[in-house]
Amino acid sequence: MAKTLIELASGIRRASVELSTYFEGLMNAADAAAVRTALSAAALNVAQAFTKGQRSAPVALSISSGVVAIDASASNIFTLSLTENVTSVTLSNLAAGTNFDLHITQDATGGRTVVGWAAAFKWPGGTAPTITSAANAEDFISFESADGTTVKGFYAQDFG
């Protein structure tokens, strides 16, 4: 079965090259270039060499009644502006190999806290960081999940 799928994928790639050549004869150069680009899109089953930087759009998290919900499938970069204390941080849609960053910024008042991290969050020494309390301070936490069940957090603090 695997060989058949590989042969099918190879056939599709050959057909896409033939289509590209065919379309080049029918359209202007800019449209032909667009077709070539579309037909040479990255495949998921082969190693890729990126020639440009890859980016994720940051997702702004919100606090609802003290709860922050992180959907790990939504982005690789999250921001959180502390406008009240956080009493619970939940995590959903975690998969093995997930990496994401969380930028936490105190508002102009400062003194806000973040506690109640879900059990999936693991920290150096077993203790979650105490978020920097100074007004407008920024803390940075990077998370990695090797198993899709837990995330290990590494942090740097007080960028304010």
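## Aromatic contacts and a salt bridge

Searching the whole structure turns up nine aromatic pairs. Please keep in mind that this is a predicted model. Ring pairs join Phe78, Phe100, Trp117, Phe121, Trp123, Phe143 and Tyr155 into a cluster. The points below look at two of the pairs and then turn to a salt bridge.

**Phe121 and Phe143**

- The ring centres of Phe121 and Phe143 lie 5.2 Å apart with their planes at 65 degrees, so this pair is edge-to-face; the cut-off for that label is over 60 degrees.
- Distant parts of the chain are linked here: Phe121 belongs to strand E6 (residues 121-122) and Phe143 to strand E7 (residues 138-144), with their positions 22 residues apart.
- Phe121 is buried at a relative accessible area of 5%, and Phe143 is buried too, at 1%.

**Trp123 and Phe143**

- Phe143 also pairs with Trp123 in an edge-to-face arrangement, with 5.6 Å from centre to centre and 70 degrees between the planes.
- This contact likewise links distant parts of the chain, as Trp123 sits in the loop between E6 and E7 while Phe143 is in strand E7, 20 residues apart.
- Trp123 has a relative accessible area of 11%, so this residue counts as buried, the limit being under 20%.

**Salt bridge**

- The structure has one salt bridge.
- Asp107 and Arg112 form this salt bridge, and their closest N and O atoms are 2.8 Å apart.
- Asp107 and Arg112 are both buried.

Notes: Residues are numbered from 1 along each chain as its sequence is written. This is a predicted model: local features need pLDDT of at least 70, side-chain atom pairs count only at pLDDT 80 or more; totals for chains, interfaces and linings use all residues. Side-chain values use heavy atoms; hydrogens and water are left out. A salt bridge is a side-chain nitrogen of Lys or Arg within 4 Å of a carboxyl oxygen of Asp or Glu. Buried means under 20% relative accessible area, exposed over 50%, partly exposed in between (1.4 Å probe, protein chains only). Rings of Phe, Tyr and Trp (its six-membered ring) pair if their centres lie within 6.5 Å; planes under 30 degrees apart count as stacked, over 60 as edge-to-face and the rest as tilted. Helices (H or I, at least four residues) and strands (E, at least two) are DSSP runs, numbered from the N terminus.
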